[in-house]
Amino acid sequence: QSTGSSGINAEYGELEQANKLCDMYREQCLTLEEELCRLKEENDVSRSLFKERTSQMSKRLTTMNSRYEALESRRNLEIEGFKTDVQMLRKRVQELEKQLIRVSLKEKENPEMYVLKHVKSTAERSKKLMGEVNKVKSRLYSVENNMRRNF
């Protein structure tokens, strides 16, 4: 009988130890499940934050691209305007040069009469025309230099 009761006591001890291990494993499982839930929540928060930041960056990129395109368009229009200005200035220089040639040809057609009557007015007009020609040429060179520097 003593061997039977000691065997039963040993089995009760093993059963009690198995129950303790079972309780310990249950606690570990609960702790790990809680940790898993916490990590899933952190992951969800991180994903939503990532999506939000990505969306904001995408909007900023779109805005920057549209601004760049507007600036590029403006630059092209300015270039076109400068080219038009240069063409107009060149035409004006050519007109002034033709006018100067006409004035000098008139002097050669009838030199004595023209010189006697209009010496003073011709000299003033020539100086004025040369001044205009020089001004237009300087403007033309200035615009061309600006275009070279900017492009």
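Contact here means heavy atoms within 4.5 Å. With that in hand, let us start at M147, which touches F82, K83 and V86, leaving aside residues up to four places away in sequence.

This is a predicted model, in which local features need pLDDT of at least 70 and side-chain atom pairs count only at pLDDT 80 or more, while totals for chains, interfaces and linings use all residues. Residues are numbered from 1 along each chain as its sequence is written, and side-chain values use heavy atoms, with hydrogens and water left out.

M147 and V86 also belong to the largest nonpolar core, which has eleven residues. Such a core is a set of buried Ala, Val, Leu, Ile, Met, Phe, Trp, Tyr and Cys residues joined through side-chain atoms within 4.5 Å. Buried means under 20% relative accessible area, exposed over 50%, and partly exposed in between (1.4 Å probe, protein chains only). Helix 1 (2-109) and helix 2 (111-150) each supply at least two core residues, and helix 2 gives the most, with six. Helices are DSSP runs (H or I, at least four residues), numbered from the N terminus.

Now for the cysteines. The structure holds zero disulfides, a disulfide being a pair of cysteine sulfur atoms within 2.5 Å.

| Cysteine | Nearest cysteine sulfur | Relative accessible area |
|---|---|---|
| C22 | C29, 9.2 Å | 31%, partly exposed |
| C29 | C22, 9.2 Å | 45%, partly exposed |

Lastly, Y12 lies in helix 1. Y12 counts as exposed because its relative accessibility is 53%.
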